[in-house]
Amino acid sequence: MKDHVQSNWSSAILVCRKCSKKVEGGFGPDGDERLAKALRRHLKLKKGRKAAAGIVEVNCLGICPKGAVTVINGAQSREWLLVRPCADLDDLARKLDLLAGEVHPPG
Ligand code: FES
C-alpha cells in the first residue's frame with residue numbers, strides 16, 4: 001500500500017458541518033445551500049482531490065457562533081472566519097485566498 005497520494009489542492013478549507021446545519025443552508029443563489037457546497041459551486045471546483053482547492057466539511061470546531069459558520073483556511077490557521085449566511089462568496093473566496101493560483105470564480 002502507498003504511504004501518500006497526490007492532490008491538486010492549492011489549499012484546504014475546513015467548514016464546520018454542525019454550524020452549516022444550524023444556519024439551515026443560508027448560502028447560494030437561493031439561500032438554501034450549505035456553505036461548503038455553495039462555495040465549491042461558486043468557484044466551479046471539481047470534486048475530491050482533483051479539485052484546485054479542497055473545501056471540506058468537518059465536525060464541530062468548538063467555536064459554535066450563533067448565526068454563522070466557522071471556517072478555517074489550513075494555510076492561515078491562526079485566524080478563523082465566522083461567516084454569516086448570505087455572505088458575499090467572492091469576498092469570502094478572496095479572504096480565503098481562493099482567487100489566487102488556479103482557482104477562478106465564474107465570469
Ligand atoms: S457548531 Fe460549528 S464550531 Fe461548533
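Glu33 is buried in this predicted model, because its relative accessibility is 8% and the limit for a buried residue is under 20%. The side chain of Glu33 nevertheless has a charged partner: it meets the side chain of Arg41 in a salt bridge, with a distance of 2.3 Å from N to O. To follow this contact in the structure, the reader may begin at Glu33 and look for the side chain of Arg41.

The pair formed by Arg41 and Glu33 belongs to a wider set of charged contacts. How many salt bridges does the structure contain? The count comes to 5. A salt bridge is counted when a side-chain nitrogen of Lys or Arg lies within 4 Å of a carboxyl oxygen of Asp or Glu. Elsewhere in the chain, salt bridges link Arg17, Arg34 and Glu57 in a network.

Helix α3, which spans residues 89–95, offers a further example. Here Asp91 forms a salt bridge with Arg94, and the closest N and O atoms are 3.7 Å apart. The two residues are 3 positions apart in the helix, so about one helical turn separates them. Asp91 also forms a salt bridge with Lys95, for which the closest N and O atoms are 3.9 Å apart. Lys95 and Asp91 both lie in helix α3 and are 4 residues apart, again about one turn of the helix.

Are the residues of the first of these helical pairs buried, partly exposed or exposed? Asp91 has a relative accessibility of 34% and therefore counts as partly exposed. Arg94 is likewise partly exposed, with a relative accessible area of 48%. Both values fall in the class between buried, under 20%, and exposed, over 50%.

The surface also carries charges that gather together. Which residues form a patch of positive charge? The patch consists of Lys2, Lys46, Arg49 and Lys50. Residues in such a patch have no salt bridge. One of its members, Lys46, is placed in the loop between α2 (35–42) and β2 (54–58). Lys46 is exposed, because its relative accessible area is 59% and the limit for an exposed residue is over 50%.

Another loop, the one between β2 and β3 (69–73), holds Gly62. With a relative accessibility of 58%, Gly62 also counts as exposed. Where does Gly62 stand with respect to Pro85? The two residues are 23 residues apart in sequence, and their C-alpha atoms are 19 Å apart in space.

Definitions and conventions: Residues are numbered from 1 along each chain as its sequence is written. This is a predicted model: local features need pLDDT of at least 70, side-chain atom pairs count only at pLDDT 80 or more; totals for chains, interfaces and linings use all residues. Side-chain values use heavy atoms; hydrogens and water are left out. Patches are made of residues with over 30% relative accessible area and no salt bridge: like charges are joined within 9 Å, nonpolar side chains (Val, Leu, Ile, Met, Phe, Trp, Tyr) within 5 Å. Accessible areas come from the Shrake-Rupley method with a 1.4 Å probe; for residues, only the protein chains shown count as cover. Lys and Arg count as positive and Asp and Glu as negative; His and the chain ends are not counted. The place of a charge is taken as NZ of Lys, CZ of Arg, CG of Asp or CD of Glu. Buried means under 20% relative accessible area, exposed over 50%, partly exposed in between (1.4 Å probe, protein chains only).
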